[in-house]
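Reader: I am new to this structure. Please take me through one part of it closely, and show how that part connects to its surroundings.

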Amino acid sequence: ARRTGRGACSPMPALTGSNTNLSPMRIDLHTHSNRSDGTTSPADVVAQASEAGLDVVALTDHDTTRGWDDAADAARRVGIDVVRGIEISCRHRGISIHLLAYLPAPEGELFDEMERARESRVTRAERMVERLGRDVPITYEQVLAQAGPDATIGRPHIADALVANGVVPDRSTAFEHLLSNSGPYHVGHYAIDPVRAVTLVRAAGGVPVMAHPFADVRGRVVGDAVIEEMIDAGLLGLEAHHRDHTPEQVRHARDLARTHDLLVTGSSDYHGDGKPNRLGENTTEPDQYERLVALATSDVGVVRGR
Ligand code: AMP
Ligand code: FE
Ligand code: FE
Ligand code: ZN
């Protein structure tokens, strides 16, 4: 049975994490706020995670740590644990790879690379809007109006502007053609090589986990050989349980993780109202989570709100 939130009037006594038989910890390690392409503020992501009955939530905005402080404050307020993370945009021979990084020190080369990606995302969005503007009503100002404060700009913000202008009914429809990777309006942005990204995350004391590694519904994915190069560079986990994976893809991710003694995670990839993904729809097993936290060597640490 699904547990309800840990509100002040919860009928359940507060259970500790060790009481796993009665109340297994519920852990969601991949969410987005409006500091990237989610629609909810970092504080509200954490509050909603608590309402959804989660004990642990990771905030993993694309290429930014700008939501970290607000999420940490909210953790203490609503009483759940928050893991500060990032989803780093990478590219290998034209193929997009998302690398989750948990608890990396927020400084150094990794962060220079993310800022470079963020700047390139602005130019890229301007160019996509220029192309789209020949055929449909849209301006870059309208795109910016859809983005949160100092957000990492992405195609979802262009999608939201198209929705606001009545061009498409929702984000998903925008991605079917107008914003598709293979469509006529698409422009790429700078993204770091995934092997180098893994190296930099480890150098920053963080835990690198490859997001939705086999989700070919999103576009082309890399083969096992590239993932093995990332493992040789220090990759520590695979996100197996994700709605964009088929059951076969989940199994393959689990098998690959077992072969290489990697962590297995599961998560919602929550984007607020921007996507159908619901908080806690996939979760990470407590033993995997505990191993993950133990593997981090930075001073960042989990924000303990419980
Ligand atoms: P970008 O990073 O700007 O290339 O945009 C990629 C982002 O768009 C991903 O992080 C997803 O959040 C979102 N996205 C990708 N495909 C879809 C889709 N079919 N429907 C809705 N959002 C999508
Ligand atoms: Fe996203
Ligand atoms: Fe992703
Ligand atoms: Zn994501």
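Author: Strand E3 (81–92) is mostly covered: of its 12 residues, 11 are buried. This is a predicted model, and the description rests on it.

Take the neighbours of E3 one by one. E2, residues 56–62, pairs with E3 in the parallel sense. Seven bridges link E2 and E3. At one point, Val-57 faces Val-82 of E3.

E4 (95–102) is also joined to E3. Here the strands run antiparallel, with eight bridges between E3 and E4. Ile-86 stands opposite Ala-101 of E4. E3 and E4 form a hairpin, and two residues lie between the strands. In that hairpin, Arg-93 takes a positive phi near 45°.

Now widen the view to the sheet. Seven strands make it up, and the sheet is open. Their order is E1-E2-E3-E4-E5-E6-E7, with mixed pairing. E1 (27–28) and E7 (263–266) stand at the edges. Each has a single partner strand, so one side of each is left without a neighbour in the sheet.

Start from the E1 edge. E1 pairs with E2 in the parallel sense, over two bridges. Asp-28 has Val-57 of E2 as its bridge partner. Val-57 is also the residue that stands opposite Val-82 in E3.

Then look beyond E4. E5 (residues 207–210) and E6 run parallel, joined by two bridges. Met-210 has Leu-238 of E6 as its bridge partner. E6 spans residues 237–241 and is mostly covered, with four of its five residues buried.

A helix also touches E3. H8, residues 224–233, packs on the sheet. H8 touches E3, E4, E5 and E6. The direction of H8 makes about 30° with that of E4.

H8 has a helix partner too. H7 (residues 194–203) packs with H8 at an angle of about 25°. Their axes are 9 Å apart. Angles under 35 degrees count as roughly parallel. H7 and H8 are therefore roughly parallel to each other. Their crossing is right-handed.

Which residues make the contact? From H7 come Pro-194, Val-195, Val-198, Thr-199 and Arg-202. From H8 come Glu-229, Met-230 and Ala-233. The residues of this contact divide into five nonpolar, one polar and two charged.

That returns us to E3. E3 pairs with E2, is joined to E4, and is touched by H8.

Terms used
Residues are numbered from 1 along each chain as its sequence is written. Chains are lettered from A and ligands numbered from 1 in the order in which they are written. This is a predicted model: local features need pLDDT of at least 70, side-chain atom pairs count only at pLDDT 80 or more; totals for chains, interfaces and linings use all residues. Side-chain values use heavy atoms; hydrogens and water are left out. Axes are lines fitted to C-alpha atoms, for helices over the stretch in contact, and angles run from 0 to 180 degrees between N-to-C directions. Angles under 35 degrees count as roughly parallel, over 145 as roughly antiparallel, 65 to 115 as roughly perpendicular and the rest as oblique. A crossing is left-handed if the near helix is turned anticlockwise from the far one by less than a right angle, and right-handed if clockwise. Contact means heavy atoms within 4.5 Å. Ala, Val, Leu, Ile, Met, Phe, Trp, Tyr, Cys and Pro count as nonpolar, Asp, Glu, Lys and Arg as charged, and the others, Gly among them, as polar. Buried means under 20% relative accessible area, exposed over 50%, partly exposed in between (1.4 Å probe, protein chains only). Two strands pair if DSSP finds at least two bridges between them.
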